[in-house]
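Grab your structure viewer and a pencil. Here are a few exercises to work through, each followed by a worked solution.

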Amino acid sequence: MKYWVYFVAKIAVVAVPLFGLRLLLDVIWPPLPSVYANFKPSRFAYDLPYTLAVLIWFLLCCGALSIAVWDQRYRCRVCLRRLRMPVETGSWSRMLQFGRPRIEYICPYGHGTLKEEELQISGRETPEWKPGSEDFWEELCASSKETGREP
Ligand SMILES: [Zn+2]
């Protein structure tokens with residue numbers, strides 16, 4: 001829940017200056033006087049500088065939205081910190097042994113890992129978020145118990 005609230009808040013913070021910029025466009029190019037009783041012709045698609053300005057504003061909106069989504073994708077689902085330490089796993093030449101190549105990001109506080117496929121053949125795939133266990137030390141000790149050594 002906190003993850004999505006942060007995303008919505010980020011979108012709202014980005015939307016306020018973009019909405020202000022849109023209002024600024026209306027100040028620079030005021031609406032045309034009405035031709036008939038209530039009909040006001042639109043400048044969009046008839047006035048080239050205004051149309052270009054709206055196009056640039058639209059591209060700014062798309063860029064801001066994509067940056068917000070990209071940033072949100074690489075955040076921890078629990079503490080919202082940026083995921084760190086990308087590790088490449090797998091191998092194309094030894095795919096049966098190690099699996100397909102992917103990049104794993106971890107939360108520095110052990111809340112989980114994000115596994116993202118390196119090559120996305122069938123479109124954009126959603127990265128897999130795997131929450132970490134409650135006890136961080138249990139995972140570390142489990143790897144040493146498999147080898148027979150005690151920490
Ligand atoms: Zn975290």
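**Before you start.** This is a predicted model, where local features need pLDDT of at least 70, side-chain atom pairs count only at pLDDT 80 or more, and totals for chains, interfaces and linings use all residues. Residues are numbered from 1 along each chain as its sequence is written.

**Exercise 1. List the elements of the protein chain in order.**

*Solution.* Start with the count: the protein chain has four helices and four strands. Here helices (H or I, at least four residues) and strands (E, at least two) are DSSP runs, numbered from the N terminus. Then read along from the N terminus, and you get α-α-β-α-β-β-β-α.

**Exercise 2. Compare the protein chain with a compact globule.**

*Solution.* First take the radius of gyration, which is computed over C-alpha atoms; the globule rule is 2.2 Å times the number of residues to the power 0.38. For 151 residues, a compact globule would come out near 15 Å, but the protein chain has 25 Å. Next, box it up: along the principal axes, the C-alpha atoms fill roughly 85 × 35 × 20 Å. Finally, look at burial: 3% of the 151 residues count as buried. Buried takes 20 or more other C-beta atoms within 10 Å of a residue's own, exposed means 12 or fewer, and partly exposed is in between, with C-beta atoms placed from the backbone.

**Exercise 3. Check the spans of H1 and H2, and work out how covered they are.**

*Solution.* The expected span is 1.5 Å times one less than the number of residues. Helix H1 (residues 2–28) has 27 residues, so 39 Å is expected, and from first C-alpha to last H1 reaches 40 Å. H1 does have a kink of about 25° at Ala15, shortly before Pro17; the bend is the angle between axes fitted to the seven residues ending there and the seven starting there. Because zero of its 27 residues are buried, H1 lies largely in the open.

Now H2 (residues 48–73): its 26 residues should span 38 Å, and the end C-alpha atoms are 37 Å apart, which agrees. H2 is hardly covered, with zero buried residues.

**Exercise 4. Trace the strand pairing through Glu104.**

*Solution.* Strands pair if DSSP finds at least two bridges between them. Step one: E1 (residues 84–89) and E2 (residues 102–106) run antiparallel, joined by four bridges. Step two: E2 also pairs with E3 (residues 112–117), antiparallel over five bridges. Step three: Glu104 in E2 stands opposite Val87, and its bridge partner in E3 is Lys115. Last, check the turn: E2 and E3 form a hairpin with five residues between them, where Gly110 has a positive phi of about 75°.
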